[in-house]
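Visitor: I'm new here, and I'd like to know how the labels on a structure get earned. Could you walk me through a few of them?

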Amino acid sequence: MATAQARAAPAGDDAAFRALLEIADDCLILGHRLSEWCGHAPSLEEDLALANMGLDLLGQARALYAHLGEIEGKGRSEDDLAFLRRERDYVNCLLVERKNGDFAVTMARQLYFAAFMQPFWRAVAATSTDAALAGIAAKAEKEMAYHLRHAGEWVIRLGDGTEESAARMQAAVDELHRYTGEMFLASPARARAIADGLLPDAGSLRPEWERTIATVFAEADLTAPEVRSAQKGGRDGIHGEDMGHLLAELQFMQRAYPGQAW
Amino acid sequence: MTNVTDAALARALKVAGSVPDPEVPCVTIADLGILRGVERDAAGAIVVRLTPTYSGCPAVIAIEMAVEAALLDAGVEARVERVITPAWTTDWITREGREKLRAYGIAPPVGASGGRRAFFSEDTIACPRCGSARTTKVSEFGSTACKAHYRCDACFEPFDYFKCI
C-alpha cells in the first residue's frame, strides 16, 4: 500500500501529466455531453438529474485540471487546459464523446462509464501515491456511486419495459459496447503511472466492471453484443467526427473572446 | 474542530461559523460541517478552512466569498483556504443542523453514508411537515445537488430530502 510512503504530487513528470489528463478529459467531455441534455430531457426530473451529474463531472474535471496545471508547472490554468487545446491534444476515450442519441444511448453510456469509474476512483483513493489526487478521488467515488445507480436503474427499466423501450435499449448497447474496451487499456504514459503507484491498473478492474454490467443486463433482459471491431484511438488524440463539433461549442467563448473571464 | 486558544481565533471561528449556507439558508456552514477548522498557520496568520460538499457544487465560491466578507465586516484578519481531504459527508451535519433542516421543511439525511447501494433500494424518509413515513421518492435529483425530491402520501405536500452521501 502506497499510503505508508510520502504521498506527493509528481511535479514536472510528463508521463504523470499525460496519464491524469486522460481522466480529466473523460470527465470534461462526458460532463459537456450531459449538459447538452439541459432543456431537452424526457422529463423535468431527468433534466435536473442529467444537469446535476454533468456538473459533478465538470467539478471533477476542474479539480483534475487545476492539479494538472500544478504538476506541469508551466502556469497553465484549469481554463487553459479545458478550453485552449486542439482536438488532437484531447486524450479522452471515444466512449465519452459519442453523441447523446436517444435517452437509451445516453443511459448506456452513463452505465458503462460509471460502472468503471466508481471502482476506479475507489482504488485511486486507496492506493495513489499522490495525496491530492486521492482526495479528488474520494469525493468523485461517492458521486459515481449514484451516477451508476441512476443509469443502472434506467437501463433495467427500459430494457425490461415495453417492446419499444427494450428495442431501443438493446440498440444502444449494440452501438456502444465496442467503445468500452478503451477504458481498460494502458497508454505508455498510463503504464508508467501504474508502475509508479500514481494510478491503479484499470485492466485489473475489468472483472468487477463486467460483473456489474452482467448483473444489470440480466435484470434488464439485454444481451451484450459480441465485439468484433473494438474501437479505440481517443487516448492518442484520434477522435470521431463528432468531437470537433463538440469542441466547437465547448470552446466557442474562449475562441471568440480570448481571455474572457467571469 | 480546532481547539481555540486565543481571542482573535475564537472570534474568527464564531464569525465564520455563523455564515449561512447560500442555498439552504436555515443552516450555517458550521451546522453543515463545511467549516473544517479555524487555526493559526506557522506564521501566526489565521486560516479558515472550508470544504466543498459536491465536486461541482456551484455555491463553493459564493460560500468562500461570504466567509471572507463576514470576516472583513467583523474586522478579523484571516484567509480562507479550500480543503478537499477528507471528503465531505452528510455524517458531519450536526444534530442541531438536522433539526434546523427539518423545521425548515427539508428532511435531514437518514442513516450513515456508505458506498454503493443496490439498484432500486429505497430508504424510509419521514415527511418533515407531518412526520408520516408514507412518502414516495419523485426524483433522486432535486433543487440542488445535495437534495432529492419527495412527496408525502399522507399530507400530500412535496418536500426536499437532504441526501445521505
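Visitor: What makes Phe159(B) buried?

Guide: Keep in mind that this model is predicted. The cut-off for buried is 20 or more other C-beta atoms within 10 Å. Phe159(B) has 23 of them within 10 Å, so it counts as buried.

Visitor: Which residues is Phe159(B) in contact with, leaving aside its neighbours within four places in sequence?

Guide: Contact asks for C-beta atoms within 7 Å. For Phe159(B) the list is Gly105(B), Ala107(B), Cys127(B), Pro128(B), Arg129(B), Tyr150(B) and Cys152(B). Lys14(B) is another matter: it sits 145 residues away from Phe159(B) in sequence and 31 Å away in space, C-alpha to C-alpha.

Visitor: Where does Phe159(B) lie?

Guide: In strand β7 of chain B. That strand covers residues 158-162, and four of its five residues are buried, hence "mostly covered".

Visitor: How do you know that β7(B) pairs with β6(B)?

Guide: Pairing takes at least two bridges. Strand β6 (residues 147-152) of chain B has five bridges to β7(B), and the two run antiparallel. One spot to look at is Tyr150(B), which stands opposite Phe159(B). The hairpin of these strands has five residues between them, and there Phe156(B) takes a positive phi near 65 degrees.

Visitor: And what joins β4(B) to β7(B)?

Guide: Two bridges, with strand β4 (residues 106-107) of chain B running parallel to β7(B). Set that against the cut-off of at least two bridges, and they pair as well. Tyr161(B) is the bridge partner of Ala107(B).

Visitor: Let's move to the other sheet. Why are β1 and β3 of chain B called edge strands?

Guide: The open sheet has three strands in the order β1-β2-β3 (chain B), with mixed pairing. Its edge strands are β1 (35-40) and β3 (78-82), as each pairs on one side only. Neighbouring strands here are turned by 20 degrees against each other on average, direction ignored. Five bridges join β1(B) to β2 (residues 46-50) of chain B, running antiparallel, and Gly37(B) has Arg49(B) as its bridge partner.

Visitor: Which strands does helix α1 of chain B lie across?

Guide: Helix α1 (residues 7-17) lies across β1, β2 and β3 of chain B, at about 160 degrees to β1(B). Helix α2 (residues 60-73) of chain B lies across β2 and β3, at about 165 degrees to β3(B).

Visitor: What are the domains of chain B?

Guide: The domain assignment gives domain 1 (7-88) and domain 2 (99-162). Their C-alpha centres lie 27 Å apart. Nine residues of domain 1 are in contact with seven residues of domain 2. On the domain 1 side, those are five nonpolar, two polar and two charged residues.

Visitor: Which residues have the most contacts inside the largest nonpolar core?

Guide: They are Ala24(A), Leu64(A), Val155(A) and Ala16(B), in a core of 121 residues. Domain 1 and domain 2 of chain B both give residues to this core, so it lies between them. As for Val155(A), its contacts beyond four places in sequence are Met107(A), Ala108(A), Leu111(A), Met169(A), Val216(A) and Ala220(A).

Visitor: How many residues does the contact take from each chain?

Guide: It takes 19 from chain B and 26 from chain A. The chain B side divides into eleven nonpolar, five polar and three charged residues.

Definitions and conventions
Residues are numbered from 1 along each chain as its sequence is written. Chains are lettered from A and ligands numbered from 1 in the order in which they are written. This is a predicted model: local features need pLDDT of at least 70, side-chain atom pairs count only at pLDDT 80 or more; totals for chains, interfaces and linings use all residues. A nonpolar core is a set of buried Ala, Val, Leu, Ile, Met, Phe, Trp, Tyr and Cys residues joined through C-beta atoms within 7 Å. A residue is buried if 20 or more other C-beta atoms lie within 10 Å of its own, exposed if 12 or fewer, and partly exposed in between; C-beta atoms are placed from the backbone. Domain bounds come from an automatic or database domain assignment. Two residues are in contact if their C-beta atoms, placed from the backbone, lie within 7 Å. Ala, Val, Leu, Ile, Met, Phe, Trp, Tyr, Cys and Pro count as nonpolar, Asp, Glu, Lys and Arg as charged, and the others, Gly among them, as polar. Axes are lines fitted to C-alpha atoms, for helices over the stretch in contact, and angles run from 0 to 180 degrees between N-to-C directions.
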